[in-house]
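Work through the two exercises below on the ligand sites of the structure shown here. Each task is followed by a stepwise solution.

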Amino acid sequence: MEDLLQRPRRLRSSRGIRSMVRETRLSVKNFIFPLFVVPGTGVKEEIEPMPGSYHYSVDRVVEAAKEAYDLGIPAVLVFGLPEYKDAQGSSAWDDSSPVQRAVRAIKAVLPDLVVITDVCLCEYTDHGHCGLLHRDEVANDETLPLLVRSAVSHARAGADIVAPSDMMDGRVGAIRRGLDEAGYSQVPIMAYSAKYASAYYGPFRVAADSAPQFGDRKGYQMDPANGQEALREVALDLEEGADIVMVKPALAYLDIVSQTKATFNVPVAAYNVSGEYAMVKAAALKGWIEERKTVLETLLSMKRAGADMIITYHALDAARWLAEEKE
Ligand code: PBG
Ligand code: ZN
């Protein structure tokens, strides 16, 4: 018998003791559930590279929002596929586009569900880039007023929070001023602040029909090699008026989540993106991993790293699983 004074296993010896010393608890209140709205009626169609996730028409999306709300999930994040696309992405600020109609429909039935909208142009432009093109370059400053129009249109439809994901310089400040001038000074901005040019967005671009028709997004989204730059991006967005900052993707960037929380101590969101979801789903469908344990462990890691909010396609399943956990 060794006379060890320190035996960390003592605090792992029973379910009750483990529960007492647990440092992090994942809650349904941490989740934000993304929704994809499409034109038409009566549509609920599974998204091929994202098994268990669906395209909904406006009339059906309320069911999905209600399911989330009834499970205790506080918020949804709405993406839309428009009826038409053009060079400017003008359907992004059309008050009768699917996103705007979905926001009105959801808020009418579920006034207490927080409705967040993704503000970007890539779903709405015929070239699939997140801003206006000038020759083959995305023109930063010319894009800003279009993002502002889109954000104001979302707020007019009743969005509780707007979330710009375009990565143009100065867009948070421009949107803040635009919202304020239009009378929406109470609408917070959740900024995709550290958004990387990532291969993990592949399934989403199929779901949102938003892949760039030429080139890539490396001229505006961040280089995956850069961590210090992420903190500069976050600092800038906070100076410009961001209320919540986001790190995206989540799993390969937990160091950035952690540093963001430690450095700024503001509300931080992590986006558990489509490719992270697809990897887990594919392996689970093959029977190669246990989906439930893997998902809950992954989401817990994001919370432990410092995320207050986790945007995840697993939200409905995870909410059900958490409700069943005994701890
Ligand atoms: C639009 C946008 C993207 C995602 C969220 N908003 C795609 C992209 O930037 O190409 C990705 C979300 C996901 O992969 O789940 N700019
Ligand atoms: Zn975009």
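**Exercise 1: the metal site**

The site of the zinc ion (ligand 2) is tetrahedral, its 4 donor atoms subtending angles of 98 to 121° (four donors count as tetrahedral if all angles lie between 85 and 135 degrees). This is a predicted model, in which local features need pLDDT of at least 70 and side-chain atom pairs pLDDT 80 or more, while totals for chains, interfaces and linings use all residues. Residues are numbered from 1 along each chain, ligands from 1 in the order written, with chains lettered from A, and side-chain values use heavy atoms, without hydrogens and water.

Task: identify the protein donors of the zinc ion (ligand 2) and their spacing.

Solution.
1. Donors are N, O and S atoms within 2.8 Å of the metal (3.2 Å for Na, K and Ca).
2. Cys120 (SG), Cys122 (SG) and Cys130 (SG) are the protein donors, 2.2 to 2.3 Å from the zinc ion.
3. Along the chain, the donors follow C-x1-C-x7-C.

**Exercise 2: ligand 1**

Task: determine which side chains make polar contacts (N or O pairs within 3.5 Å) with ligand 1.

Solution.
1. A side-chain N or O atom of Ser274 lies 2.7 Å from a ligand oxygen.
2. For Arg217, the distance to a ligand oxygen is 2.9 Å.
3. Asp118 lies 3.4 Å from a ligand nitrogen through a side-chain N or O atom.

Technical notes:
Polar contact = N/O pair within 3.5 Å; in protein donor to acceptor, adjacent residues only side chain to side chain. Tetrahedral: all angles 85-135°; square planar, octahedral: opposite > 155°, others 65-115°.
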